[in-house]
Amino acid sequence: MRYTKLIITTLFIVAITGALLSLRSTAASGKRVTQSRRDGAQAPDHGKYIGSENCAECHSAESSFYQLTAHNKLGHDLPKDRQSCEACHGGARDHVAYYKEVDQLLKGGKETEATALMNDEARLTAAKMTSISELSPTESSQICLRCHEGTQGRSDERFNYRRSEHFRNGVACVDCHSSHSPKRLEFLLKEKEPEGCYKCHADQKSSFQKPFHHKVPEGGMKCSDCHNHHGGFMPRNLRNTVTGDMQCVKCHADKQGPFVYEHAPIKVEGCQACHTPHGSTNPKLLTRNTVKMLCLECHSNAPGATVEGAGIGPTTPSFHDINSPRIANCTTCHFEIHGSNKDRFFR
Ligand code: HEC
Ligand code: HEC
Ligand code: HEC
Ligand code: HEC
Ligand code: HEC
Ligand code: HEC
Ligand code: HEC
Ligand code: HEC
Ligand code: HEC
Ligand code: HEC
């Protein structure tokens, strides 16, 4: 009996290990496949990289501006395909050779030959550099992601771009960033926040124009205080937990607790159980226009209650005549509404 058990157990373990191993190897090869696809299906042809010293002769504007940007750190210590201009635009051997040849013919007065060369489709195609603005969002972002994935610069900034709603909806790095003509040199932004975001998020613009709002339009805070538009693990491109707790308590630490007496929804559903994050016509960014309506959403199945259905909290005690003005303003008595260390009923 014992032996049969032992044999069965051993067989079971062997089977499981086998299955796990085969899973692991598929995962590993899958990773390898995506890895090579990420770096561009064709491995870079190093012979095409000639260095970017020549570019300034013909592209003086891009070249001199480039020196001011953070990308001027792409220096000679890196592999050839990651240095300077060629890091983004690809190998320039044929490009430089072609345009120098055209230049020389023109300077030597050989106009016909120059025109012939300029009409040589094959040479022209071979001489074409990668033009990032002509690529699809995925292709162009892929170029940036060769270097910008994982943790960058400031350590709190995680790049999980492929997970972001932006990547998945065809928004490219270069929709927000410009290498050569940004409005703001720092972070190479095409447009600073929040204007850059409003271009595509008009609804949020109008939320922030409501009478009660976080001071984003006034410059007191940024969209990126709460969102990681570069992608993380949260829905809505949020910076931390699903409910938004973490970004909220970064600034509203007093609402976090722990309290001896917690108000359950804060821990369960988060701040959004009662507040809208952007802006609202209701004071204190509440989801309802009066405090009473908000509370009764969860604390009522009493007759006369204006909100339908029983809530998830205990019903209000019988001495609460919720239609009387004395009771209607719930937080005059339950003022520690986010939690209390003194009183179970948040008074
Ligand atoms: C001898 C002059 C010359 C040199 C040197 C030169 N380019 Fe160009 N480049 C041109 C011309 C001319 C064009 C075409 C412009 C047009 O069609 O509007 C061009 C176009 C480009 C384009 C747009 C895509 C294309 O191919 O049409 C990129 C990107 C570019 N160059 C990058 C570079 C980089 C990076 C270097 C240095 C490694 C470089 N160029 C060196 C003359 C030059
Ligand atoms: C970090 C990536 C990056 C690097 C490095 C870079 N560029 Fe660009 N380049 C771009 C992007 C993106 C554009 C599209 C316009 C923009 O965003 O400003 C562009 C546009 C251009 C253009 C206009 C033609 C076109 O393709 O739209 C030229 C010419 C050019 N770059 C030359 C250069 C030269 C010369 C250097 C080096 C001094 C350089 N670039 C370095 C990303 C880069
Ligand atoms: C070959 C590697 C490489 C590629 C490709 C690359 N970058 Fe960078 N990028 C860097 C490095 C290195 C820095 C400087 C980081 C630092 O300062 O610590 C940087 C910095 C930046 C910054 C921050 C600028 C600042 O002021 O702090 C932005 C924004 C940026 N890159 C955007 C892009 C975009 C958009 C693309 C694609 C068009 C791109 N990068 C392609 C290597 C790269
Ligand atoms: C929706 C707009 C948007 C998109 C898309 C976007 N960025 Fe950014 N990026 C920003 C903004 C805004 C900042 C500045 C954040 C701040 O002020 O803290 C920034 C900052 C950065 C920085 C500097 C980060 C640091 O903490 O030093 C880098 C690097 C960068 N972006 C690269 C990229 C790359 C690479 C892509 C594409 C894979 C990309 N961005 C896509 C808007 C965007
Ligand atoms: C105080 C933190 C905070 C700030 C600041 C903030 N957001 Fe949000 N945002 C949130 C939270 C939390 C959600 C999730 C709402 C939900 O799921 O109910 C959200 C949701 C969104 C959504 C999804 C649609 C929606 O409205 O629910 C978009 C788009 C968005 N934010 C864009 C922006 C833009 C653009 C800015 C700056 C102009 C911005 N946010 C500023 C916290 C913030
Ligand atoms: C080029 C257009 C564009 C720009 C610029 C842009 N976004 Fe977006 N954003 C989108 C698209 C498209 C989506 C996905 C569809 C949607 O939910 O609206 C999206 C989704 C989002 C979401 C997630 C919404 C959800 O429902 O899950 C947030 C949050 C967000 N963007 C914030 C920002 C912030 C912050 C900025 C500025 C730094 C910004 N966006 C700039 C186009 C843009
Ligand atoms: C970057 C800091 C910061 C973050 C993150 C933040 N807030 Fe605020 N919040 C403030 C500041 C500052 C004020 C007060 C000034 C004002 O009116 O904007 C405020 C005010 C409020 C108010 C009171 C508004 C009023 O009318 O009195 C509420 C409610 C609020 N925040 C909820 C939230 C919620 C919910 C979140 C998360 C989704 C959040 N906050 C995230 C900084 C922040
Ligand atoms: C159960 C509903 C509820 C939840 C959940 C909730 N709040 Fe509140 N909050 C309120 C009410 C009601 C008020 C208004 C109190 C008043 O008017 O006296 C308020 C007011 C505020 C204020 C402004 C007044 C003050 O005390 O500073 C801030 C800031 C605030 N809440 C932040 C938060 C944050 C951050 C969270 C998440 C950690 C959160 N709230 C979760 C109900 C809630
Ligand atoms: C999203 C639902 C929700 C909202 C909105 C809400 N509550 Fe609660 N409340 C609860 C839940 C759940 C409990 C915990 C019940 C338990 O522990 O059994 C609770 C507990 C309480 C308690 C303590 C009851 C006890 O027996 O310990 C009081 C008092 C209270 N809430 C008052 C309020 C007031 C006042 C408001 C309006 C500002 C409000 N609540 C808004 C869900 C909510
Ligand atoms: C005049 C002060 C006052 C006002 C205003 C008030 N309450 Fe209360 N509430 C109390 C007291 C006192 C208790 C505790 C009763 C006890 O000790 O059993 C209580 C208890 C509660 C409880 C807990 C019931 C239980 O059985 O656990 C809930 C829920 C509640 N109130 C909700 C509300 C709501 C919703 C409003 C607004 C419509 C409100 N209260 C307005 C004084 C008030």
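A residue counts as near a molecule when its C-beta atom, placed from the backbone, lies within 6 Å of it. By that yardstick, in this predicted model, ligand 10 is surrounded by 19 residues. Cys295, His299, Pro314, Cys330 and Cys333 are the closest of them. Three helices chip in with at least two shell residues each: α16 (291-298), α17 (325-328) and α18 (330-333). Sorted by class, the surroundings of ligand 10 come out as 10 nonpolar, 7 polar and 2 charged residues.

Ligand 1 can be described in the same terms. Here the shell holds 18 residues, and the closest are Cys55, Cys58, Cys85, Ala92 and Tyr99. At least two shell residues apiece come from α2 (55-58), α4 (84-89) and α5 (93-107). Of the contributions to this shell, the largest is that of α5, with 5 residues. The class tally around ligand 1 reads 7 nonpolar, 6 polar and 5 charged residues.

Helix α4, one of the suppliers of the ligand 1 shell, turns up again in the packing of helix α8. Helix α8 spans residues 137-145, and its buried residues are Ser140, Ser141 and Ile143. These sit on the same side of α8, because the arc they cover around the axis is only 150°. As a rule, an α-helix makes a turn every 3.6 residues, so residues three or four places apart point the same way. As for partners, the buried residues of α8 pack against α4, and also against α9 (165-168) and α10 (173-176).

How values were computed: Residues are numbered from 1 along each chain as its sequence is written. Chains are lettered from A and ligands numbered from 1 in the order in which they are written. This is a predicted model: local features need pLDDT of at least 70, side-chain atom pairs count only at pLDDT 80 or more; totals for chains, interfaces and linings use all residues. Helices (H or I, at least four residues) and strands (E, at least two) are DSSP runs, numbered from the N terminus. Ala, Val, Leu, Ile, Met, Phe, Trp, Tyr, Cys and Pro count as nonpolar, Asp, Glu, Lys and Arg as charged, and the others, Gly among them, as polar. A residue is buried if 20 or more other C-beta atoms lie within 10 Å of its own, exposed if 12 or fewer, and partly exposed in between; C-beta atoms are placed from the backbone. The arc is that of the directions from the helix axis to the C-beta atoms. Two residues are in contact if their C-beta atoms, placed from the backbone, lie within 7 Å.
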